[in-house]
Each structure stands twice: as C-alpha cells, then as structure tokens.
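I opened a new model today and kept notes on how its helices and strands are arranged. The entries follow in the order in which I looked things up.

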Amino acid sequence: MKKQKICIIGSGLTGLTTALVLSKLNIEIDLIAKFKSNEEFLDNRTTAISPSNYDFLLKFLDKKDSRLFWPSTKIDLYHEESGQYHHFMNFERNGKNLMYIVQNSKLIKIILKKIKNQKKVKIINTEVKKIDEKKSTVFLKNKTINYDSIFLCVGKRSQLTKELIGKRIINDDLNDIAFASINKHNLNITNSKQYFLKEGPLAILPINKKEFSLVWSVNKNYKLDITQNLIREKLKRILGLNNKISISKIDFFPISFNFNINFFKKNVLVLGEGSYNIHPVAGQGFNLILRDIQKLNQKIVEHLSLGMQLRDSRIFYQFMISRKPENFLFGLSVNFIHKFFRNNKIVNPIKKVILKDINKLKFLKKLNLRIADTGIFK
C-alpha cells in the first residue's frame, strides 16, 4: 500500500510539536510555513508544562534538552487586599515537580532542529494561499499538493482558519491584555508564584536560578502604561525587596476565551489556538494542546495498525468527541477563576471568606494537582 501523506501547516509550538510526534509514524509529512529568521525567534513568552506532558514531550527530544526546562516543586498563590499581598494557598507534593517552565523561543528551536533530522518530514518554507477541504488540497504560490490529511496549526487570527471553520464560536472578550518579560535578578526565586492583583493576575515563573518570566494580565479599564519602571516598582512592592532587577523588552498579546463549536471539516483538522484559546492564568493552554497531540497520535496509530486510510475516515470526528468536552470544561473553569479574582466591590467580601481557610482543604489541593497534571477525565 502506498505510504500515506499528511500536511502540517504552521511554524509555532503546536505545528512543530505535532510534526515531531507524528514523524515517528510510518507516514510522509510535509511541514509548510513561512519560517522566521533567528532574530524573529526572540520571544519573551514562556510555557508551563505539567509532569505527565513533560515526560511525553521528552520522549521525542534529546536527554540534554531537559536542561532547558526549569522545575517547580512548589506553587504559592497570593491575593491583593487593601494594598497588602496575602498568601492564601500553596501547592506541594512531597518535593516532586509540579510543573516545568521553558522559554517558547528555545523550545521552538530545539524542536525544529530535531525535525530537520527526520527523513520522513519535508520542510517547505512558503506561505499557504488556500485549502480545498473537499479535495484535501493545499495551494501554494506555484503549485498545489494533495494529501490524505491536513493539520492546520496557524492560530485563531489566520484567514485559513476563519475560512475553514467560520465563526461558530463560544466567545468571551475578557477586555484584558497580557504583558510578558524576562527578568534578571540575584534573588532566591526557584519556584512559581501567582499574585491576583487588583489590575489582574501576575505570574512569576523561574526559568533558571538568575531569571524568571513575568506574565501580567491587566484589565484595559486600568489604562496602565506598562513600562519597565512600572513593572520594576510593582515587583519591588510584591517581593518586598530593593534589589536591582533587569527587565527585558516587554511583549504583549490580547486575551480572550474562544472555543470553536467545530474544529474540523472533511480531511482538515484545526489544532491549537485556532480551535480554542483560554486565559493564561492557570498555565494550561499548551498542556491542553499536548494532550490533543497525544490523543491524535494514538488515533492515527490505531488506524495505521488496522491498515486503514486516513483520508475520508472518521478519525477527526473520533478525536473531536474525545477531546472537546475536556477542553471546553477547562476553558470555562479557567475563565471562572479569572473572573472570581477580579477586583469587584460586591465579590471581594465573599472572596475574603472563601480564601480564609481554603488552604486547609487538602482534598481540593490534591484534586487540582491531579487535574492540572493529567487532565479531567484521565
């Protein structure tokens, strides 16, 4: 039987990780995207990866690549009240790692390097002009190519995504914008911290002994001019220190909760932010995507082992019904958490009562750790 051929469109973490994982299967892969130069790879955003997803991802990387991931054995949560920062909850598991933090740009580079060494993957550095889902055809600048399956990993803003699945979405414009920077320091910050400030949640995510990533989601109503000086002063108040902190260039990106009702059509499947995106407050976005990729890999392996064709099969429908409920519930839950911690005169007194003794609820903390690691239904 002729070897089946798939196409993966996208040069971000979703597209590259999908290509790397599926490259171990007995199929041909075209990875099509307009790849960035080394200068454009610079990105101050970081990704938090759960232990189970870390173990899965490391199967496809080299052992030495593990040094790029910084482990956190503890997570501390704080909320702001009357200008004070109150510690209301912490997560620990007998010294075991709860998450791994990695810079997006570094992870993209090592995955792309691994892909370039895979004989089954052909990299086509160009822009996709159009997709014909009925014929499973991809249109490039000077040619068209037919595939058995097409995986679209280009994000929610892509015209390709919009044309394929339209506007049948569940949407909540949170009116927030996230700011990210890498901060050099001489402090003792080795574990992750989350502060629920009046302006919005701020996460401190260490990436090594001397640097941490800051992600601050701010409601647009505050109309803050986010500068290095403002972040420096905020960090000094939060951490209670006068130490010098060096702050990188600040990146920013809008935040919203979007969930597409349907994320496949015929032989084309949308993966990653094109199918859904959630608030970064719980650090679960890429973890959900990694679980999607694991499930997709499992479904394809099952089909290939039975000698079945991917083209015109029910594989995408089976994938969707297996992953859609969890992704939707995660999105709603994270959205609720974000809104609960927003500064609100009506909710604040209730919030104070709830948070007072929540750290004593060991069963709740244990359940949260399990769900964050392996998902809701595992």
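At roughly what angle do the axes of α6 and helix α7 cross? I found roughly 160 degrees for α6 and α7 (residues 315–340), with the axes coming within 10 Å. That makes α6 roughly antiparallel to α7.

Before going on I noted the ground rules. This is a predicted model, in which local features need pLDDT of at least 70 and side-chain atom pairs count only at pLDDT 80 or more, while totals for chains, interfaces and linings use all residues. Residues are numbered from 1 along each chain as its sequence is written, and side-chain values use heavy atoms, with hydrogens and water left out.

I also wrote down the terms. Helices (H or I, at least four residues) and strands (E, at least two) are DSSP runs, numbered from the N terminus. Axes are lines fitted to C-alpha atoms, for helices over the stretch in contact, and angles run from 0 to 180 degrees between N-to-C directions. Angles under 35 degrees count as roughly parallel, over 145 as roughly antiparallel, 65 to 115 as roughly perpendicular and the rest as oblique.

**Entry: α6 and α7**

I checked the hand of the α6 and α7 crossing, and it is right-handed (the near helix is turned clockwise from the far one by less than a right angle; anticlockwise would be left-handed). I then looked up the contact (heavy atoms within 4.5 Å). On α6 the residues include Leu 288, Arg 291, Asp 292 and Lys 295, and on α7 they include Ile 315, Phe 316, Arg 323 and Glu 326. By class, the contact of α6 with α7 has seven nonpolar, four polar and six charged residues. Here Ala, Val, Leu, Ile, Met, Phe, Trp, Tyr, Cys and Pro count as nonpolar, Asp, Glu, Lys and Arg as charged, and the others, Gly among them, as polar.

**Entry: α6 and α1**

I turned to helix α1 (residues 13–22), whose axis comes within 10 Å of that of α6 (residues 285–305) and crosses at roughly 30 degrees. That makes α1 roughly parallel to α6. The crossing of α1 and α6 is right-handed. Among the contact residues are Leu 13, Thr 17 and Val 21 of α1 and Phe 286, Ile 289 and Ile 293 of α6. I listed nine nonpolar, four polar and no charged residues for the contact of α1 with α6.

**Entry: α6 and α2**

I found that helix α2 (residues 51–58) and α6 have axes that come within 10 Å and cross at roughly 50 degrees. That makes α2 oblique to α6. The crossing of α2 and α6 is left-handed. Asn 53, Phe 56 and Leu 57 of α2 meet Asn 287, Leu 290, Arg 291 and Gln 294 of α6. The contact of α2 with α6 divides into three nonpolar, three polar and one charged.

**Entry: after α6**

I noted that Gly 307, just after α6, takes a positive phi of about 75 degrees.

**Entry: a sheet**

I looked at an open sheet of three strands, in the order β3-β7-β4 with antiparallel pairing (two strands pair if DSSP finds at least two bridges between them). Its edge strands are β3 (46–49) and β4 (70–72), each pairing on one side only. Neighbouring strands of this sheet are turned by 25 degrees against each other on average, direction ignored. Helix α3 (residues 104–116) packs on the sheet, touching β3 and β7, and its direction makes about 85 degrees with that of β7.
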